[in-house]
Amino acid sequence: MDTVTSMVGEKPVVIFSKSTCCLSHSVTSLMRSFGANPIVYELDKIANGSQIESELLQMGCKPSVPAVFIGQQFRGGSKKIMSLHVRNELVPMLKEAGAIWI
């Protein structure tokens with residue numbers, strides 16, 4: 001889990017994704033629609049992607065992508081992020097993490 005922890009670092013929003021995953025694309029687009037600029041790691045495009053995917057599964061990310069971290073905390077996959085959005089909890093979370101300012 002050290003690799004994931006270091007990749008999340010001090011970044012406000014990090015999304016672990018795969019280039020072929022439509023849900024990952026949708027979550028990334030949602031974040032950008034609020035003005036956030038997430039760091040997106042495409043696990044199928046980076047050298048240690050399978051190792052990172054294993055770490056995400058160990059952390060409880062099922063399925064492994066998309067895995068969304070806001071404020072260095074794992075916040076969930078697509079269902080959880082959409083649920084936060086519907087409950088009007090996502091924008092305040094993004095503000096608190098410093099990902100957006102308005």
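Five helices and four strands make up the protein chain in this predicted model. Follow the chain from the N terminus and the elements come in the order α-β-α-β-α-β-β-α-α.

How does the overall size fit with that of a compact globule? For 102 residues, such a globule would have a radius of gyration near 13 Å, and the protein chain has 13 Å, so the two agree. If you lay the C-alpha trace along its principal axes, it spans about 35 × 25 × 20 Å.

Now for how the chain packs against itself. Take the contacts between residues at least 6 apart in sequence: 64% of these join residues at least 24 apart. As for burial, 40% of the 102 residues count as buried.

On the outside, the protein chain exposes about 5700 Å², and carbon and sulfur atoms supply 54% of that area. Then there are the charges: the chain has 10 positive and 8 negative ones, and the mean positions of the two sets sit 7 Å apart.

To finish, zoom in on one residue, Thr28. You'll find Thr28 in helix H2, which covers residues 22–33. Is Thr28 buried or exposed? Its relative accessibility is 7%, and the cut-off for buried is under 20%, so Thr28 counts as buried. Which residues does Thr28 touch, if you don't count those up to four places away in sequence? They are Ile15, Pro38 and Val40.

Notes
Residues are numbered from 1 along each chain as its sequence is written. This is a predicted model: local features need pLDDT of at least 70, side-chain atom pairs count only at pLDDT 80 or more; totals for chains, interfaces and linings use all residues. Side-chain values use heavy atoms; hydrogens and water are left out. Helices (H or I, at least four residues) and strands (E, at least two) are DSSP runs, numbered from the N terminus. The radius of gyration is taken over C-alpha atoms; the globule rule is 2.2 Å times the number of residues to the power 0.38. Buried means under 20% relative accessible area, exposed over 50%, partly exposed in between (1.4 Å probe, protein chains only). Contact means heavy atoms within 4.5 Å. Accessible areas come from the Shrake-Rupley method with a 1.4 Å probe; for residues, only the protein chains shown count as cover. Lys and Arg count as positive and Asp and Glu as negative; His and the chain ends are not counted. The place of a charge is taken as NZ of Lys, CZ of Arg, CG of Asp or CD of Glu.
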